[in-house]
Amino acid sequence: MTRIISITLNVGLTGLVHLLCCWLPLLVVLFNGASIAWLAEYRIPLIALQLGALAWSFYDLYLRHSHEAALFEKKVFWVAVGLTVVLNLIPHRYFQAEEGRLAQAQMERIRSTRVAQFELKTPLTSVEKLNNTLQSVEGVVPSQIKLNDEVVSVRYYLGKTSDEAILATLRKQGYQVSMID
């Protein structure tokens, strides 16, 4: 009787944890096309639960001396270990809906960019010339150049340029500008 309970716990518990963490999201995406972005916040606890179930199964199969583990039990255990490794290495972003990927890309872009604001001291003669000057700076996001009154807002990629480099380029082109903090 204890052998049946042990087999049921090893196979059943490990299978249940794998169902929740790996197979359920995969099936939802494949058959429903729904986003599983909600699963991202539960991924770490589910992986911890998986590892705990696998550790208990390993202990029960190889370290506990109260019974001999059958070859079937050991094969099921190693298949579960293999599935755990393979399915947890697949990034969940591949299963996200297009809207989720776009939102994630937008958040990454916002995190990796900064906005610099400059005040023009003299009236602007050509908006197109100013845009071309700013777009010539590597790292400036072309669609994120805004001009309101005498204030120019520029979004740039952190690490590719800096607000000081943009200021220097503007001054080099003859613009009288100062940086706004």
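**Contacts of D163 and the arrangement of the strands**

Outside the four neighbouring places on either side in sequence, D163 is in contact with A116, F118, Y156 and M179. The model described here is predicted. D163 is found in helix 6, the element that spans residues 163-172. The residue is buried, yet D163 takes part in no salt bridge. The side chain of opposite charge nearest to D163 is that of R114, at 8.9 Å. With the cut-off for a salt bridge at 4 Å, the separation of 8.9 Å does not qualify.

The protein chain contains six helices and four strands. In sequence order these elements follow the pattern α-α-α-α-β-α-β-β-α-β. Of the 181 residues in the chain, 33% count as buried. The exposed area of the protein chain is about 11,600 Å², of which carbon and sulfur atoms supply 62%. Among contacts with a separation of 6 or more, 66% are accounted for by residues 24 or more positions apart.

The strands are joined in antiparallel fashion. Strand 1 and strand 3 run antiparallel and are joined by seven bridges. Within this pairing, Q117 has S153 of strand 3 as its bridge partner, and E119 is partnered by V151 of strand 3. Strand 2 is also antiparallel to strand 3, with five bridges between the two. In that pairing, K146 stands opposite S153 in strand 3. S153 is thus named in two pairings, as the bridge partner of Q117 and as the residue opposite K146. A further set of four bridges joins strand 1 to strand 4 (residues 177-180), and these strands too run antiparallel. Here Q117 stands opposite I180 in strand 4. Strand 3 is mostly covered, five of its seven residues being buried.

Strand 2 and strand 3 form a hairpin, with two residues between them. D149, located in the turn, has a positive phi of about 55 degrees. N148 belongs to strand 2 and counts as exposed, at 53% relative accessibility. The C-alpha atoms of N148 and E119 are separated by 9.8 Å, although the two residues are 29 residues apart along the chain. V141 is likewise placed in strand 2, but V141 is buried, with a relative accessible area of 7%. Leaving out residues up to four places away in sequence, V141 touches T113, R155, Y156 and Y157. The C-alpha atoms of V141 and T113 lie 8.8 Å apart, across a sequence separation of 28 residues.

The largest nonpolar core comprises 16 residues, of which F118, L134, V140, V154, I166, L170 and V177 touch the most other members. At least two residues of this core come from each of strand 1 (113-120), helix 5 (127-135), strand 2 (140-148), strand 3 (151-157) and helix 6 (163-172). A second core, of six residues, lies apart from the largest one and has L61, F77, A80 and V81 among its members. In soluble globular proteins, nonpolar side chains tend to be buried together. With neighbours within four places in sequence set aside, F118 is in contact with E150, V151, V152, V154, D163, I166, L167, L170, V177, S178, M179 and I180. Among these contacts of F118 are V154, I166, L170 and V177, which also appear among the core residues that touch the most other members.

A search of the whole structure finds one salt bridge. E119 forms a salt bridge with K121, and the closest N and O atoms are 3.9 Å apart. E119 is partly exposed, with a relative accessible area of 33%. This residue also has V151 as its bridge partner in strand 3. D163, by contrast, is buried and has no salt bridge.

Note on methods: Residues are numbered from 1 along each chain as its sequence is written. This is a predicted model: local features need pLDDT of at least 70, side-chain atom pairs count only at pLDDT 80 or more; totals for chains, interfaces and linings use all residues. Side-chain values use heavy atoms; hydrogens and water are left out. A nonpolar core is a set of buried Ala, Val, Leu, Ile, Met, Phe, Trp, Tyr and Cys residues joined through side-chain atoms within 4.5 Å. Buried means under 20% relative accessible area, exposed over 50%, partly exposed in between (1.4 Å probe, protein chains only). Contact means heavy atoms within 4.5 Å. Accessible areas come from the Shrake-Rupley method with a 1.4 Å probe; for residues, only the protein chains shown count as cover. Lys and Arg count as positive and Asp and Glu as negative; His and the chain ends are not counted. Two strands pair if DSSP finds at least two bridges between them.
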